[in-house]
Amino acid sequence: MRFSRFMSSADSIAVPRPRRWDEPMDPHMTDADVDWLLTRMPFAALDASQFPKSIPLDGVLKNDCRLHRFAPGQVIVREGDYANSAFLVLEGNAELITRPLPPDVLGRREVEKRSGSEALWQFLRPSGVREARRPENVTPDVELHDRPGTEHRASGNESTSPDAGDANVQPTLYLQDFGGLVRAGQTARLVAGELFGEVATMLRGPHGATVVAGENATLLEIRLQGLKMLQRDTAFAERMEEHYRQHWLAIHLKEIPLLRFVPESNLRNVVEHTQLRSFGRLQWNADYSKTRKLSPAEQIESEPVVAQEGHHVTDLIVVRSGFGRVCQNYGSAQRTTAYLGKGHVFGLEEITLSVTGGSGSPMPLQHSLRAVGFLDTLHIPVECFAREVLPHIRRSELPPNAAEAMLHRPQGPTKRERRSVARKESRRDDAPSTTQQTDTASVSTTAKTWDDLPSSTGTSFEPTGLLEFIVQNRYNNGRQAMIIDLHRCTRCDDCVKACASVHDGNPRFARIGNHHERLQFVEACMHCTDPVCMIGCPTGALHRDESTGLVNISENICIGCGVCAKGCPYDNIEMVAISDPSGRPYLDMKSKQPITKATKCDMCSGLPSGPACAAACPHDALVRIDLSESPPLEDWLRRRT
């Protein structure tokens, strides 16, 4: 008897369909608050008709925003914290700190370096207590308080909402000697109507400065989803883009090596003509578990197309954040040839050959560019790039074919004069480096098995299977990936034992992970380029060390909420109960529940020898390596062939 594809209504269960705003950002936002906000700029000038009926303007304000009343000296955002939302000053003022502050002032405790003798003593005489912590690493040593329910203003009158309970309590930090910084002129004032944090939020990056509340500070926090919806209003979107162009775009363009010699006057024209675009889903980690199970061909086909192979090149595409896949038609499918990260460009060779006439006619794109998860890009029109940028690019930074075309390009007297002057001052910049000469020589060898594109145009691995494996599993996100050469590994587990000896008997990784031929990619914190584990951390305990690039945990302000562990797409963060050095567990004073902290690989940053796992391997089978670029892995594998 054939099984019916349909079930009767008696066998089904009726449930309400989940909606976007079932859980608003601030459950205590009232209609009166929304009405008051609609009288304030910039919302008073927004066109409500530009918002869809399912997501109206007043719905965005009620569900994607939160009102805050901050006390003077209270920290609103900290430099280095991962941005989740932007802030609009409604009343009063806020002060942006213009100089870097010590980590301890911001509530972060830096890892203390141990001497060689201390490290040896710990190895020989372990404490025997798993996850032992000293009291100063359990509770903060700064003025950190619990903030109860959010305060609101409604219809111009102050009103305080009821206490939201434990679920809405968030730690808040007060900056010591805040008044002294203001008097010393080390702050910049943000007044009513000014928006800050929107660039870091849209790029999903860290805040570039610490902002502290001033007098009578009332601010509106706007999460990313609401910020994107507000941009449906043309005026609001133009205002945000203009703010970015005035304050940030030139800075971001200067960070691109290809544009570092462009004069200021030319750069201003580039800023004026550059377009901002984004592709894919910002929360790529939510889809990661599904997409990694697809075949490479299926995964490539599912990724949004940024630029199509065979089409006419119209823009130089610069990656602002996220990752892009460069692929090429190969039979009936597509083959990955490189991946792009922040600062990489796409279309440089085609533009240069088309402009210089090196290809005889306009050259179409030789590859396609697709967004891997999420990709945020800057698009510089071909005409603008050829006029303002190309004359100032060093030939050593161009692909070989493009550099040859530039060398034989006819130049007018003005161009030749500029070149002769510049060459005398910057001969060292024009000369290829030793590394570049080595790469050029390796390209000509017939026995070559690896290839590395110029750094400005992406990262390429050969064979292609390894590249597709790395991109499919998002390992290109890793700056300190742990890789084991299984041809050398004897499964002695000395690496795991060494890690356990350093971390109170609890290793920060297990010798498991995906395989590609002879390589095993171990499940250990990779200190990612895009550390999505930082998203949602309520205290900023997870942060990137500016000097080392490592993603660290300040345990003294970690509240054990587990948001980071849930957010890590690689499952490399674990929540553990902690004890004092005598073995007595720490308990919460109110609930009597165990105190938990987030733990992960910290690269043994407190040891003078570096990662204990790599140092302990007797067969040189394990390495911590940067997969955001190809040379480190390429060199490591070459030494094994």
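1. Let's start with the largest nonpolar core of this predicted model. The core has 42 residues, and the members that touch the most others are Leu253, Leu259, Leu316, Phe346, Leu369, Ile380 and Phe385. Leucine 316 is a good place to zoom in: beyond its neighbours within four places in sequence, it is in contact with Val345, Phe346, Gly347, Leu348, Ile351, Leu378, His379, Ile380 and Phe385. Another core, of 40 residues, lies apart from it, with Tyr288, Leu466, Cys528 and Cys558 among its members. In soluble globular proteins, nonpolar side chains tend to be buried together.

2. Next, have a look at strand 1 (residues 65-70). Is this strand largely enclosed or left open? Five of its six residues are buried, so strand 1 is largely enclosed by the rest of the structure. Its antiparallel pairing with strand 12 (residues 217-223) runs over six bridges, and phenylalanine 70 stands opposite alanine 217 of strand 12.

3. Now to the open sheet, where four antiparallel strands follow the order 20-21-19-26. Strand 20 (510-516) and strand 26 (622-625) are at the edges; each has a single partner strand, so one side of each lacks a neighbour in the sheet. On average, neighbouring strands here are turned by 35° against each other, direction ignored. Inside the sheet, strand 19 (residues 481-485) pairs with strand 21 (residues 519-523) over three antiparallel bridges, and aspartate 485 has leucine 519 of strand 21 as its bridge partner.

4. You may enjoy the aromatic pairs, of which the structure holds four. One of them is stacked: phenylalanine 87 and phenylalanine 196 sit 5.6 Å centre to centre, with 15° between the planes. This pair links distant parts of the chain, since phenylalanine 87 belongs to strand 3 (residues 85-91) and phenylalanine 196 to strand 10 (residues 195-196), 109 residues apart. Phenylalanine 87 is buried at a relative accessible area of 6%, and phenylalanine 196 is buried at 8%.

5. How are the rings of phenylalanine 469 and phenylalanine 521 arranged? Their centres are 5.1 Å apart and their planes at 50°, so this pair is tilted. Phenylalanine 469 is in helix 17 (residues 464-472) and phenylalanine 521 in strand 21, so the pair ties together parts 52 residues apart in sequence. Phenylalanine 469 counts as buried at 13% relative accessibility, and phenylalanine 521 is buried with a relative accessible area of 2%. Ring pairs join Phe469, Tyr475 and Phe521 into a cluster.

6. One last contact to check: arginine 394 places its charged end over the ring of phenylalanine 261, 3.9 Å from the ring centre.

Definitions and conventions: Residues numbered from 1 in each chain as written. Predicted model: local features only at pLDDT ≥ 70, side-chain atom pairs only at ≥ 80, totals over all residues. Heavy atoms only, no water. Pairing = 2+ DSSP bridges. Helix = DSSP H or I, 4+ residues; strand = E, 2+ residues; numbered from the N terminus. Axes fitted to C-alpha atoms, helices over the stretch in contact; angles between N-to-C directions. Core = buried A, V, L, I, M, F, W, Y, C linked by side-chain atoms within 4.5 Å. Buried < 20%, exposed > 50% of the residue type's maximum accessible area, 1.4 Å probe, protein only. Contact = heavy atoms within 4.5 Å. Phe/Tyr/Trp six-rings, centres within 6.5 Å; stacked < 30°, edge-to-face > 60°. Lys NZ or Arg CZ within 6 Å of the ring centre and 35° of its normal.
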